[in-house]
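Work through the following exercises with the sequence and the model side by side. Each task is followed by a solution that proceeds in steps.

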Amino acid sequence: MIKLRLLEKLKYISISSRISILLGIIILITMGVFSAFSLIKQKDASIDAISHNADQLSKTTEKILRFSMLKNRRAELSMAVRNIVGKEGIMSVRILNHKGIIKFSSNPSEVNKHISQTSQEGIETVQFCESCHKNKYNKLEYDLKNFTQNRIIRKDNLIYNWQPIYNARSCYTEACHSSFEETAARKTNILKDNETYLPVHDSSQTILGFIDIEVSTKRINANLAKTRTQLILFTVIFALIASIVTYFSTKYLIGKPIKNLVEGTKRVAEGNFKDEIPPGKAELKLLAESFNKMQKQLLTTQTQLIESEKLASVGKLADEIANEINNPLTGIIIHSENLIAESNLDKNMISDFETIKLEALKIRESIRNILSFTGGNKPEFKVTFIGDIINHTISIVKKFSNFQNIKIISEIPKSLPNVVIDPTLIEQVFLNLLLIPSESMQAGGILDILVNYSPVNKEIEIVFSDTGKGIPENILKKIFNPINIADLENFEKTGISLAVCKDIIKMHNGTIKINNTGSGTVVTITLPV
Amino acid sequence: MKQTIKILIIDKEEIILKSVKKALKNNDHTDFVITTCKSALEGLKIIRTDKFDISLIDPILPGMNGNELIRRIRNIYPALPIIIMSGYSTIRLDQLNSVAEQNESFKPISDILKKPFTTEEIKSVIKKALENYSISN
């Protein structure tokens, strides 16, 4: 159960978290590898340094002790050997003879024991001797090539180094007993008159013995361990800080804008596309802008849909109303016609019935004109003379109340070529372009419709100009935008908006523009021929 | 000799039935024998029993879809000239016609008479429909 919940939670780890975790892991790995690598290098370098120092140390020690050895000052040697220990991490010093017997040692109990009998762990006699004598103890075969390297053996906390003590003339010519000792020996008759002390060493020996030193690496190791700990700590802390910084910055740069976007899409899915999402940074800013644009588009589409639905329902209503009128109107027409045909009525009565019939026919005409505006959904393109449409429109509107004080002028050249248009739709547009200015020209004015043909552009231009108030600049900018849902209540009485007019013109591959002149407004429509 | 034409008028509005009767009386060349009814079912019943030369129908009738009515009339009387009367806009009538045209067993609707019509118009439409009918037969 818990595992399932955890798994589900894992799915919802945010982008910021993922990026920062990933970064943290990358830092840990790279810095870890780097640290390990440099630690190893450091250790090797330190050990090399120590080995070198040990080497130097034993050489130096050998030189220092040589004089005491030459003078056979054994007591001095023992003291020296014991005193050297303790400084610089020197654990023990020994002087051995060539056969491996310890002659002097900082550990007195070792004296006269073979080196293999000491408590040195892991140092076998074999290693010691074999470094020169490839074949065990066979003096004739020795390999001096590897000599230098094998002189130093490393263990965990120790470096063990030994130096050969080379034979020199002074070694085998100096009396091992000093003159003082010789004199004292003669006096006490240990040494007879004809006897001398023989030197301990003879000329045949190349190597008299060895001096070996054990150096502790404990301090270095401790330092290295400390460094290692510090590096690990540093890596972890750095990784953590980097992760945290990354987490918050990605949250700010990416996470929050994406969250806004997600919420925005949720809202759109629920039908609300009015609230814009705040812009993010960089590319996400563009994304937010595109999203907001999309919302505006959706809003536009929605309002257009509502508009056309409203139009459709108005159309249906008009249809029904017309039908309600048409049946009784048939009665009026037919019956008045019937009365007119009655032969024995006087002229005045016939005249009256004719008036009735005429007015009834006018009603019929008006209704048919209204119905033609709410015409079908699919445009039906026909070859039309634009002048006919204009004249028809004028004939309808001039009866409207708004137009009682308005003078309509039209200039239509007779040589105008025909256009392929849906006459119903274009008439809708023209009707609107006359009705809209008439709303503000009830006191009077002039509506001018000028048509001309441009052979160069192969298009017909229709210019509607009025002497009205003109349109304020800020409205002019948005005048072809679809109406907001909020404005639908204050819908113009004309029934379709300029946005729909623009759509109709666009459908015909034409253009429509509105400008203010000094004395009113001008609408220019072009239609391709 | 005067021609006798038997007409069936189906319309739910009384005034239409009355007006058509008025418009078609007192004709010089033809005598119209007019039968009227107000519902689809009634009309179908009458068609089964009587013979007519032409029929004027407003397809918007209670109880039956206009297309359905015409299809049934055609089943009974495939060749009967039918004129559709309607007070609605032409769009609905176009839909009606296209349905009829799609089905090849139907003869297309002879004509559409838009309401309101004058005496002249209804007479002219009937005349034309009858002429077309006699030409094709």
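**Exercise 1.** State how many cavities of 30 Å³ or more are counted in this predicted model, and describe the lining of the largest cavity.

*Solution.* Begin with the count, which comes to 2 cavities of 30 Å³ or more. Turn next to the largest cavity, whose volume is about 40 Å³. Its lining consists of Pro257(A), Leu261(A), Ile277(A), Pro278(A), Gly280(A), Leu284(A), Leu287(A) and Ala288(A). To place these residues in the chain, note that helix H8 (218-269) and helix H9 (282-341) of chain A each contribute at least two residues to the lining of the largest cavity, and that the largest share, 3 residues, belongs to H9(A). Finally, sort the lining of the largest cavity by class: 7 residues are nonpolar, 1 is polar and none is charged.

**Exercise 2.** Decide whether H2(A) and H8(A) are roughly parallel or roughly antiparallel, and then do the corresponding analysis for H2(A) and H3(A).

*Solution.* For the pair formed by helix H2 (residues 15-70) of chain A and H8(A), the packing angle is about 160° and the axes lie 8 Å apart. Angles over 145 degrees count as roughly antiparallel, and H2(A) and H8(A) are therefore roughly antiparallel to each other. The handedness comes next, and the crossing of H2(A) and H8(A) proves to be right-handed. The contact of H2(A) with H8(A) includes 19 nonpolar, 16 polar and 3 charged residues.

For the second pair, H2(A) packs with helix H3 (residues 74-84) of chain A at an angle of about 160°, with their axes 9 Å apart. This makes H2(A) roughly antiparallel to H3(A). The crossing in which H2(A) passes H3(A) is right-handed.

**Exercise 3.** Establish the order of the strands in the 5-stranded open sheet of chain A, and follow the pairing of E9(A) with E10(A) and of E11(A) with E12(A).

*Solution.* As a general starting point, strands of a sheet pair through backbone hydrogen bonds, and they do so either parallel or antiparallel. In chain A, the 5 strands of the open sheet follow the order E7-E9-E10-E12-E11, and their pairing is mixed. At the edges are strand E7 (406-411) and strand E11 (511-517) of chain A, each of which pairs on one side only. From one strand to the next, the twist averages 15°.

Now take the pairs one at a time. Strand E9 (residues 445-454) and strand E10 (residues 459-466) of chain A pair in the antiparallel sense over 8 bridges, and Ser454(A) has Glu459(A) in E10(A) as its bridge partner. E11(A) and strand E12 (residues 520-528) of chain A also run antiparallel, and they are joined by 7 bridges. Thr511(A) has Thr526(A) in E12(A) as its bridge partner, while the hairpin that E11(A) and E12(A) form has 2 residues between the strands.

**Exercise 4.** Describe the open sheet of 5 strands in chain B, giving its order, its edge strands and the bridge partner of Ile7(B).

*Solution.* The order in this open sheet is E2-E1-E3-E4-E5 (chain B), and the pairing is parallel. Strand E2 (30-37) and strand E5 (111-114) of chain B are the edge strands, each pairing on one side only. The twist from one strand to the next averages 25°. Within the sheet, strand E1 (residues 3-10) and strand E3 (residues 54-57) of chain B pair in the parallel sense over 4 bridges, and the bridge partner of Ile7(B) in E3(B) is Ile54(B).

Note on methods
Residues are numbered from 1 along each chain as its sequence is written. Chains are lettered from A and ligands numbered from 1 in the order in which they are written. This is a predicted model: local features need pLDDT of at least 70, side-chain atom pairs count only at pLDDT 80 or more; totals for chains, interfaces and linings use all residues. Side-chain values use heavy atoms; hydrogens and water are left out. On a 1 Å grid over the protein atoms alone, a cavity is a set of points where a 1.4 Å probe fits but cannot get out, and a pocket is an open set with protein on both sides within 12 Å along at least five of seven lines; lining residues have an atom within 4 Å of a point. Grid points are joined across faces, edges and corners, and a volume is the space filled by probe spheres set on the points. Ala, Val, Leu, Ile, Met, Phe, Trp, Tyr, Cys and Pro count as nonpolar, Asp, Glu, Lys and Arg as charged, and the others, Gly among them, as polar. Axes are lines fitted to C-alpha atoms, for helices over the stretch in contact, and angles run from 0 to 180 degrees between N-to-C directions. Angles under 35 degrees count as roughly parallel, over 145 as roughly antiparallel, 65 to 115 as roughly perpendicular and the rest as oblique. A crossing is left-handed if the near helix is turned anticlockwise from the far one by less than a right angle, and right-handed if clockwise. Two strands pair if DSSP finds at least two bridges between them.
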